[in-house]
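Me: I'm new to this structure and would like a close look at one part. Could you walk me through how one chain touches its neighbours?

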Amino acid sequence: MAPTGTQAVLTVEGLRAYYQVNTYGIEREVRAVDDVSLHVNANEIYGLAGESSCGKTTLVKTIAAAIRPPLRVIAGSVSYRFGDRRVGLYDLDGKELAEIRWKHLSYIMQGSMSVLNPLRRVRSSFVDFAFRHIGKPMPEFLSIVETHLKRLHLEPSVLDAYPHELSGGMRQRVTIALATVCRPDFIAADEPTTALDVVVQKSVLAMIRETQRAMGASMMFVTHDMAVHANLSDRLGIMYAGRLVEEGLTGEVFRRPAHPYTAHLIASLPRIGDTHSREGLAGAPPNLADPPTGCRFHSRCPLAMDACKRDVPEMAWISDTHRVACFAAKTGAPA
Amino acid sequence: MLKILRDLLRYNREFAAGVALLSFVVLVAAASFFSPYPAADSFVVPPDLPPSWPHVLGTNSRGQDVFWQLSFAIRNTLLFGFSVAILSRIISLVVGLVAGYAGGMVDRVLMSINDSFIVIPLFPILVLFYFVMRERMSWAWLALAMAALGWAYDARLIRSVALSLRTREFTQTSIFSGMSMRQILVEEHLPYVLPIVFSTTMNNINWSIGLEVTLSVLGFTNVDTPTIGMMIYWANQHTALVAGIWWWIAFPVALVVMTFIGLFLLAVSMNEYIDPRSRLARMGA
Amino acid sequence: MRAYSLYLFRRLVQFVLVVFIGVNIAYVVTHATPIDPVEQTVSAATSFGSTSPEAIAMMRQSLRELYGLEGGPLQQYAAFWKRVAVGDFGPSLSAFPTPVSQLIARAIPWTAGLLTVSTLLTWVIGNLLGGLAGYYRRSALLRFAGILTMGFHPIPYYIVAFVLLIVFGYVWPVLPITGGAEMNLAQAFDTTYAGSVLVHSILPVASLVLVGLGGWFMGMRSLVSNIVSEDYVLYAELAGVDRRRILTSYVMRNALLPQVTGLAMSLGAIFNGAIITEQVFGYPGIGFLLVGAVHAGDYSLVLGVTAVSIVAVSAAVLLIDLLYPLLDPRVKAQ
């Protein structure tokens, strides 16, 4: 039933990434990503949703090789397929990694407001990041960049500006342009529109979708905003407390959410004409340094059973493309 | 605050080293109370003896035992540094806190004045002060003068702590929950302000002792009271090095360098402790 | 351009304020004495030899004005300021009748040279080492350099200068330990003189540099270790930008900015260090002049040096402040 991983551009298996800190005699291990397995196909936007500190940022950082101590990969693997080449991300050495960065794998960071060097013009960031990958002499390179910018509805004059001279939305768009100028196979995007106001957000999202379709790239798009996922993601994965709890085609997940947490997330979206008040979930997300036994959601779950406190539910397929990790879902109880 | 000190002592090697060094220095200073010779007396022992028993650090050309002189010297030097630090703390705290909390024009005016004191070279002014005071120059006067001039750098640091505290969320929450300003200052903000006061005090003591040594060596202070600088001054007057009486200079220098390094280590480790990133890593205790 | 003019104006106002406060402090300090300083000074100066009555009268007049004793309090203040503003401190008492301003003018190039060279060396080397140490955290060589520079840092200038004097003057006498140049060499713009100046400046510069390195090293290292976790550095690393390029264009450039400001703030302290170093090595700058003046009871000279120091340091700070916007494009927008 499970789709094969050989077509996938990104394959994650059994990934565990923890923060391990030891200062002043206090030792803490925060299990930010705990045994996650998923894959992303070609020409697909995979959305990753969940509330704050559920581990989605850590996950996307891990697949973009953007982690540093005290965050470490404890177990599992992350592998990519770029054309005919397969690479295991954490098997590469520094030079090989630098070679695929930006050319095949790029990353749009959370808080893209401040990712450009404040003391240099925008042009120098493009030169630093992309020049060596494109491999053409400078004048030709610059005209490639300008064409790319124009395609994304950006004025080429933006290259002469300093970052602080651009508005937040502008900077975001420049960052997206920067991340896509080499036409990478895979783009990891972490909350690229969260800090923007709704109007700008709409145009930036449209730009992202356009770019992705035009390049045929794959994307992992992280945001807690379910409305954005509804508009953008082809497939959707829901994370809770460091674990992937549900995954499927976006339409499927929205129409028939199988996990009680997903159901809550979707129900919290306002709908036109809907007048009844929204309730928040009782309780708070668990402490990832000291996670509860069994299913991590059991303390807040309306469908919790005894098994939920003891055993960790594994991901199980409930259709060709839809899987969920929940005892209640497997027994067919309504969400 | 005590908990902070205890944590530092247990886990921070620099802090522990600083405490060890300073304890040694303070012990030597405390020994002055048991000195068999009064500080001001000269020619009580045979002069120019190299280190040997019973004069473990030797004697100087004025017929004084170097060890006992040193104990007086370091005691006076430490007391001096401490007094200057305390006095200038008052000014630094007032200026820094007022500027940080009041903000706006008050802040700008205070900081302009503050920066003037940072830029102005203090040494010529202190020299001028001595020049005018001459024989009437006493340690109290010098301490007052240095405190009146040396508060600016620390005031700026305290101000930036106050600024960040004022704008932080928990301050707003406290205000909304009806806490009085005085309550907020004492209960919420003081734990953040105290560490920076501590580390600036250490730096200030270093600075004032350094300045005292420099002024004394040049003979610009009261020559009767023994301090570290004074010992070096007298040693120079008697051309100790040329005469080969190296112990007269070496031991005061060694002891004062120990003091400096000790205070410096304390200040540095305290600074590292208050650095927010290390604090975040410590949370959850 | 308008924003820069505003910035320029603000900095100029600050400069004037600093000089004003500084010179006022000097004025207040001289009024701390209750006795009549003029007669005391005059009698001390004239005991050195025969001086004409006109010279004594001129001395007394300028002293009274400098001490601010002529006329009522307001007139005293005005007279004092008039003299300071013009730079006329009257004749030096210890080198009578040479005017103070001439003595200072002769000494200033030495101090200026000493300070410029040692400050530049200290700042550049200290920041370079500190930056590298902050970036390449695991380098044992850099860590050793750190311990070395930080070990010297808390030691006062005097002691380091003194130790260098002993080591290179007595124990291993290879370097000259007094004077700005060979004593009998004529002052001229030729290589022999220049060479002599150079050799004589080695020890004073060395003692200033050794002590100063630690401060810049520590500051830069902590700045750099903060900056490496800034978004724009992380992002550049993520993009696989060459490490050396990140170090220079992203990290160092940004870290140096606060260090430029820090330089302006520490000029006063560096100046203090230069004074004592000149004394130890008999280097003929204004620090040396100052100490000699105090010992000789030469009030006019002491006041002159103090006033000139205040103005000079403030002017240097102003210069740095004015250059800062050229380095930081964000300032123009304020």
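Reply: Happy to help; here is a tour of chain C and its contacts, with a short stop at the strands of chain A. Please keep in mind that this is a predicted model.

Let's start where chain C meets chain B. This contact takes 38 residues from chain C and 30 residues from chain B. On the chain C side, the elements that give two or more residues are α1 (2-30), α7 (157-171), α10, α11 (286-295) and α12 (299-327). Of these, α12(C) gives the most, with ten residues. Sorted by class, the side of chain C that touches chain B has 28 nonpolar residues, ten polar ones and no charged residues.

Now turn to where chain C meets chain A. Here 17 residues come from chain C and 20 residues from chain A. In chain C, α9 (231-238) and α10 (243-281) each supply at least two residues to this side. Its residues divide into nine nonpolar, three polar and five charged. You may recognise α10 of chain C, which is also listed on the side that touches chain B.

Since chain A is one of the partners, a look at its strands rounds off the picture. Strand β1 (residues 10-23) of chain A runs antiparallel to β2 (residues 26-40) of chain A, and eleven bridges join them. Within that pairing, Leu15(A) stands opposite Val36(A). β1(A) is also joined to β4 (residues 71-82) of chain A, again antiparallel, by eight bridges. There, Thr11(A) has Ser79(A) as its bridge partner.

Key. Residues numbered from 1 in each chain as written. Chains lettered and ligands numbered in written order. Predicted model: local features only at pLDDT ≥ 70, side-chain atom pairs only at ≥ 80, totals over all residues. Contact = placed C-beta atoms within 7 Å. Helix = DSSP H or I, 4+ residues; strand = E, 2+ residues; numbered from the N terminus. Nonpolar A, V, L, I, M, F, W, Y, C, P; charged D, E, K, R; others polar. Pairing = 2+ DSSP bridges.
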